[in-house]
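Student: Could you take me through one part of this protein slowly, and show me how a single pair of rings is described?

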Amino acid sequence: MADQTAGLRPRTVVVGIVGALMTASLMPLNSTMVAVAVPSIAQTVGHGAAAVTQAVVSTYLIAAIALQSPGGKLGDRLGHWRVLTIGQAVVGGGAVLGFLATSLPVLAGARVLMATGGALAVPATLALLRVSLPPDRRGRAFGTFGAVMALAAALGPVVGGILVDAFGWEAVFVVNVPVLAVAAFLVASATRAPEVRRTGRFDTRGSISLTVTLLLLVLAAQQRGVTSVVLLLAGVGAGIVFATLERRAEDPVVAFDLFASRSFAAGTLLICLQNLVMYALLVEIPLVLDARFDLGARATGLILIWLMVAMVVTSLVAGRLTEQVGARALAVTGSLICLVALVVLRVVDLSSAGQVRLPLALLGVGLGLCGPAAQTASLSAIASSRSGMAAGVSSTMRYLGGVVGIAFLGRALDLDGTRADVLGEHHHVVEVFLGVLVLGLLCATRLPGAAGPRQTSRRVRRPTSRSTS
């Protein structure tokens with residue numbers, strides 16, 4: 001299939017890409033920004049903090065995970081620019097609804113709308129980076145994407161705290177509107193390449209069954225005991241139904257032959273495994289430090305920022321390095337640095353809170369090196385006509401890794417003991433994460449070398465006539 005970037009100068013689309021990145025960054029920003037507004041919302045709507053957290057935080061994450069694959073597939077059919085614009089409108093509608101809401105159900109609906117818009121915008125943005133830029137520019141583009149998303153997630157609580165203190169909790173919703181207005185203007189101003197459009201019926205049954213499967217599995221991960229087992233079994237059953245439907249679908253929402261590409265499978269799994277470790281540690285480290293040193297939120301945040309700053313800065317550099325040295329060398333180096341970081345975290349006795357700064361910074365460097373490399377290799381290995389579907393699957397795996405990591409933590413970490421007991425629990429968790437990162441290293445070795453992406457794209461089996469427009 002001809003590359004859609006042929007004859008297209010990157011400068012002609014950079015304005016739109018900036019608008020797309022602004023839109024995509026709202027998804028991680030909104031996922032963390034609302035957390036600091038929970039107490040204020042609880043007072044307004046007359047519900048407990050737990051109920052509010054479930055309504056505005058959990059529902060958002062579940063919708064975001066479940067809808068990204070259908071959202072990416074929609075981009076392949078309607079065009080990624082168009083789906084991005086729809087996503088902007090949906091996020092904006094949810095933000096206005098949340099600003100006006102006076103009850104918890106309406107707030108929950110607003111958050112689901114915002115997550116739905118984000119699930120349209122994020123895969124569309126990733127796909128646009130793939131189809132709108134030439135191969136020698138994709139590395140730095142995916143590096144910028146990773147840095148922007150990490151920075152947005154890190155800034156969320158800070159921005160949310162400032163807004164809530166100054167204007168009330170409603171501000172964390174309405175602040176999206178001016179950002180979206182600027183982003184929509186930039187996207188509308190972009191020169192666009194012709195986009196591949198698919199015809200035929202959208203895989204509605206597959207999309208619904210995938211959403212139900214992911215919903216049940218995520219809920220199973222969040223529950224315990226018999227409820228968790230029942231939900232897990234139901235999720236497995238729904239997954240079997242989904243797989244059956246996809247094998248029969250004319251144009252499936254998730255084509256399993258994507259994973260026949262070594263680069264796509266390895267890159268996507270690497271992102272999933274590393275997000276599992278990162279999100280779990282972002283939860284585990286504050287809990288352990290608080291249990292041992294009674295640190296406040298401000299002091300804990302100043303420690304965690306070592307990871308986020310290192311990851312943001314390294315992601316920007318790693319994008320260019322990917323274009324020069326290839327995905328494999330960078331991802332292997334990053335994976336080894338991640339392993340060193342966790343070895344250091346396992347060795348230190350946590351006699352002071354500052355001992356976690358070095359391993360967190362090293363982990364940030366390692367993750368920053370791996371992210372752009374894995375993303376570039378995985379999406380470049382897939383035909384541009386299926387970029388949306390591939391981006392949706394990749395985004396789903398990213399968030400799924402985080403959910404699994406946090407769910408594991410809830411089962412494995414017990415802080416009801418002496419400080420020595422807490423240290424033992426911490427070491428046990430880190431040992432498990434070391435094993436996860438070893439699997440990630442194996443995935444990194446399967447990525448293509450310096451000239452790999454182009455070679456790999458020629459090795460990937462061309463889409464069948466059923467899936468090619």
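Tutor: What follows looks at an aromatic pair, then at the whole protein and at two further residues.

This is a predicted model, in which local features need pLDDT of at least 70 and side-chain atom pairs count only at pLDDT 80 or more, while totals for chains, interfaces and linings use all residues. Residues are numbered from 1 along each chain as its sequence is written, and side-chain values use heavy atoms, with hydrogens and water left out.

A pair of aromatic rings is described by the distance of the centres and the angle of the planes. Rings of Phe, Tyr and Trp (its six-membered ring) pair if their centres lie within 6.5 Å, and planes under 30 degrees apart count as stacked, over 60 as edge-to-face and the rest as tilted. By this rule the count comes to four aromatic pairs, and one of them joins F242 and F256, which are edge-to-face with 6.1 Å from centre to centre and 85° between the planes. F242 lies in helix α10 (residues 225–248) and F256 in the loop between α10 and α11 (262–293), so the pair ties together parts that are 14 residues apart in sequence. Helices here are DSSP runs (H or I, at least four residues), numbered from the N terminus.

How far is each ring's residue covered? Buried means under 20% relative accessible area, exposed over 50%, and partly exposed in between (1.4 Å probe, protein chains only). F242 counts as buried because its relative accessibility is 8%, whereas F256, with a relative accessible area of 35%, is partly exposed.

Turning to the whole protein, there are 17 helices and zero strands (strands being DSSP runs of E, at least two). Of the 469 residues, 55% count as buried, and the C-alpha atoms fill a box of roughly 65 × 50 × 45 Å, taken along the principal axes.

Two other residues can be read in the same careful way. S335 lies in helix α13 (residues 327–347) and is buried, with a relative accessible area of 1%. Contact means heavy atoms within 4.5 Å, and, leaving aside neighbours within four places in sequence, S335 is in contact with L270, Q274, C370, G440, L441 and A444. A412 lies in helix α15 (residues 387–412), is buried with a relative accessible area of 16%, and touches E425 and V429, not counting residues up to four places away in sequence. A412 and A24 are 388 residues apart in sequence and 33 Å apart in space, C-alpha to C-alpha.
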